[in-house]
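Me: I'm new to this one, so please walk me through it. Where do we begin?

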Amino acid sequence: MSEHDLPAGVANTLQQGLASMGLAAELAPPLLRYLALLHRWNGTYNLTAIRDPQEMVTRHLLDSLAMQPFVGDGSLADLGTGPGLPGIPLAIACPGLQVTLVESNGKKARFMREAVRQLGLGNARVAESRAEALAEPGSYDQLTARAMDTLAGIVRVGGHLLRPGGVLLAMKGVYPHEEIAALPAGWQVREVVPLSVPGLAGERHLVTVTGP
């Protein structure tokens, strides 16, 4: 399956979403190739509960890219990335970013390796591992986790991966007051920014957390 095999209107939805977010139209072709591959593999391997490609554009691609303005160059570990979200869209949109896609599920890791190969993403690699077992301490400028755990849970399993001065970029729904209050000692919130995702109802926030 290529991007041309996706249902009519999917490409237009993505292009409109990118435009409304101020992102380059040139991102659409590789994002559509990734989406087509995800849709095809999902039919066999159940990589995501979302089956409709139109919904995938909004809830996977655009939702992932909403955090792009807050991601710097350097290295990023995407913990519990599943089929590569938000890591693969971010690697496409941020060529200066080195992304490690951390996922313990073998089917999802195999899919991501194939996606990275087909898309020619030289700035992305797959680490088939649980986050807490990844023996790369202090290796990353940034961590992200889109739907993995509470803030404290993310810190517990992945905090060792951050270099001194690095940041955790955690995507959340409503403002996570209780999760912020439960952060371990030494970890603190730098900012909480509301995100706007075209076509997505409900609140989205990006929480930036610094380590001890």
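Reply: With a bit of vocabulary: for the angle between two elements, under 35 degrees counts as roughly parallel, over 145 as roughly antiparallel, 65 to 115 as roughly perpendicular, and the rest as oblique. The helices (H or I, at least four residues) and strands (E, at least two) are DSSP runs, numbered from the N terminus. The model is predicted, so local features need pLDDT of at least 70 and side-chain atom pairs count only at pLDDT 80 or more, while totals for chains, interfaces and linings use all residues. Residues are numbered from 1 along each chain as its sequence is written, and side-chain values use heavy atoms, with hydrogens and water left out.

Me: OK, helices then. At what angle do H1 and H3 pack?

Reply: About 25°, with their axes 10 Å apart. Axes here are lines fitted to C-alpha atoms, for helices over the stretch in contact, and angles run from 0 to 180 degrees between N-to-C directions. H1 covers residues 10–20 and H3 covers residues 53–65. The two helices are therefore roughly parallel to each other.

Me: Which residues in H1 and H3 meet?

Reply: On the H1 side, Val 10, Thr 13, Leu 14, Gly 17 and Leu 18. They meet Pro 53, Gln 54, Val 57, Leu 61, Leu 62 and Leu 65 in H3. Contact means heavy atoms within 4.5 Å.

Me: How many of those are nonpolar, polar or charged?

Reply: Eight are nonpolar, three polar and none charged in the contact of H1 with H3. For the classes, Ala, Val, Leu, Ile, Met, Phe, Trp, Tyr, Cys and Pro count as nonpolar, Asp, Glu, Lys and Arg as charged, and the others, Gly among them, as polar.

Me: And what about H1 and H2, at what angle do they pack?

Reply: That one is about 130°, again with axes 10 Å apart, which makes H1 oblique to H2. From H1 you get Val 10, Ala 11, Leu 14, Gln 15 and Leu 18, and from H2 you get Ala 28, Leu 31, Leu 32 and Leu 35. The residues of this contact divide into eight nonpolar, one polar and no charged.

Me: Does H2 touch anything else? I mean, which residues in H5 does H2 meet?

Reply: Lys 107, Arg 110, Phe 111, Glu 114, Ala 115, Gln 118 and Leu 119 in H5. The H2 side brings Pro 30, Arg 33, Tyr 34, Leu 37, Leu 38, Arg 40, Trp 41 and Tyr 45. In this contact nine residues are nonpolar, one is polar and five are charged.

Me: How do the H2 and H5 axes cross?

Reply: The axes of H2 (residues 28–45) and H5 come within 10 Å and cross at roughly 150°. H2 and H5 are therefore roughly antiparallel to each other.

Me: Let's zoom in on Glu 114. Which residues is Glu 114 in contact with?

Reply: Leu 37 and Trp 41, leaving aside its neighbours within four places in sequence. Glu 114 sits in helix H5. Its C-alpha atom and that of Leu 37 are separated by 9.0 Å, though the two residues are 77 apart along the chain.

Me: New topic: the sheet. In what order do the strands come?

Reply: Seven strands form an open sheet, ordered E3-E2-E1-E4-E5-E7-E6, and the pairing is mixed. E3 (124–127) and E6 (188–194) stand at the edges with a single partner strand each, so one side of each has no neighbour in the sheet. From one strand to the next the twist averages 20°. Two strands pair if DSSP finds at least two bridges between them.

Me: How many bridges join E6 to E7?

Reply: Six, and E6 and E7 (residues 205–210) run antiparallel. Glu 191 stands opposite Thr 208 in E7. At the E3 edge, four bridges join E2 to E3, which run parallel, with Leu 101 opposite Val 126 in E3.

Me: Which strands do H5 and H6 lie across?

Reply: H5 (residues 106–119) lies across E2 (97–102) and E3, at about 165° to E3. H6 (residues 151–158) lies across E1 (74–79), E4 (140–145), E5 (162–172) and E7, running at about 140° to E5.

Me: Last thing, the backbone. Where is the cis peptide bond?

Reply: From Leu 85 to Pro 86, with omega near 10°. Pro 86 is in the loop between E1 and helix H4 (87–93). Have a look at Asn 46 too: its phi is near 50°, a positive value in a residue other than glycine. Asn 46 lies in the loop between H2 and H3.
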